[in-house]
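Here are a few exercises to help you find your way around a new structure. Have a look at it first, then try each task before you read the solution.

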Amino acid sequence: MLEVPDDLPTHWYVAPRPEGARCLVIASGALTTARLRNSTVHARFESALPGGGALDPGGEDGYTILDCIFASDASGAPSTYFVVDVLSWRGHRVTECTAEFRLFWLASKLAELPAEAAARGLPRFRALPYAPATPEAIGGAHAGAGLDAQVDGLLFLHREAHYVPGSTPLALLWKDAACSRYFIDTNKDGTVLPALHMVLVYQMDGTVATGDDPGWVLGRLPVEFTQRLGGKLTPGTLLRFELGPQGFALAPDGKPSGADLRLLGAAGSRRGRADALSKVLFQHAARTAPLSLEVLLQSALEAAEAMTEA
């Protein structure tokens, strides 16, 4: 989130985001597989989801696909999947349905899972506690209300949004230092990076761009550098950069047209795609002029009052 939507309290949901690994959970053929965003397998196990195990093998078309965050909750349970969204349930694909319907569908279906699953020690699936994004709900989510896990920011979802892969302006993430240990990006040992880092994708014409569709071009690698690498650098390669002291170059419309980039090397193998422009700009704002909780709450309050007066 870079700006507060005008219709936040009336058309958006908010939920606390648990700290953990984002993964796609697929239950099919009596087996459940969780894959990270780069498609590598995070875990394979039996579950109570339709198609996920002996409790509900699902049949030929009984597969289930959930967008989840894997995290340990405060009780110490090692296998809790907090469900961010649902793509399919028992073969019924719902990505083209509104978020309002998907969240209702998800909550009702998870409530129907057999109680025997807990007795057998199978991984748990818990829906995130989404609520209309009123100032009260935003404050509660910021405090982790309804989430028995470490909070890592707030998720905002427009009630009419369809489920789409990648980034979308109808699904937003907001953080501050009080509700996230990773408000500003850190390295592996948790130390805040000395400068903004970003992962961009190398393109056929020698430029590097964000992971949006289409990507925002932020720079171009020198021809002599790419020639020295020969075939080692191919389109689609993910590269890690540091933002230099000159920062971003802005076009007349205020959007980035380039950046002072310092190449650090290839991105790690765990990266599935380049960073979206919104993530890059959010991290830049976190270091310079962050969107505060007070501004977020005040904007939501003013929007709610305006709707009441109308």
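A definition to start with: the radius of gyration used here is taken over C-alpha atoms, and the globule rule is 2.2 Å times the number of residues to the power 0.38. Keep in mind that this is a predicted model.

**Exercise 1. Work out whether the overall dimensions of the protein chain agree or disagree with those of a compact globule.**

Solution.
- Start with the rule: for 310 residues, a compact globule would have a radius of gyration near 19 Å.
- Now take the chain itself: its value is 21 Å, which agrees.
- For a feel of the extent, the C-alpha trace spans about 60 × 55 × 35 Å along its principal axes.

**Exercise 2. Describe what the chain is built from, what is buried, and what its surface is made of.**

Solution.
- Secondary structure comes first: the protein chain has seven helices and 16 strands.
- Next, burial: residues with under 20% relative accessible area count as buried, and they make up 45% of the 310 residues.
- Then the outside: the accessible surface is about 15600 Å², and carbon and sulfur atoms account for 54% of that.
- Now contacts: take those between residues at least 6 apart in sequence, and 64% of them join residues at least 24 apart.
- Last, charges: there are 27 positive and 34 negative ones, and their mean positions lie 10 Å apart.

**Exercise 3. Find the order of the strands in the open sheet that contains E10, and say which strands sit at its edges.**

Solution.
- Begin at strand E1 (residues 12-18), which six bridges join to E10 in the antiparallel sense. Within this pair, Ala-15 has Leu-155 as its bridge partner.
- Go on from E10 to strand E11 (residues 171-174): the two are antiparallel, with four bridges. Here Phe-156 is matched with Leu-172 as bridge partner.
- Return to E1 and look for its link to E9: two bridges join them, again antiparallel. Tyr-13 has Pro-132 as its bridge partner there.
- Put the pieces together: the four strands form an open sheet in the order E9-E1-E10-E11, with antiparallel pairing. The edge strands are E9 (131-132) and E11, each of which pairs on one side only.

**Exercise 4. Is strand E10 largely enclosed or largely open?**

Solution.
- Locate the strand: E10 covers residues 151-158.
- Check its residues: eight of the eight are buried, so E10 is largely enclosed by the rest of the structure.

Conventions. Residues are numbered from 1 along each chain as its sequence is written. This is a predicted model: local features need pLDDT of at least 70, side-chain atom pairs count only at pLDDT 80 or more; totals for chains, interfaces and linings use all residues. Side-chain values use heavy atoms; hydrogens and water are left out. Buried means under 20% relative accessible area, exposed over 50%, partly exposed in between (1.4 Å probe, protein chains only). Contact means heavy atoms within 4.5 Å. Accessible areas come from the Shrake-Rupley method with a 1.4 Å probe; for residues, only the protein chains shown count as cover. Lys and Arg count as positive and Asp and Glu as negative; His and the chain ends are not counted. The place of a charge is taken as NZ of Lys, CZ of Arg, CG of Asp or CD of Glu. Two strands pair if DSSP finds at least two bridges between them.
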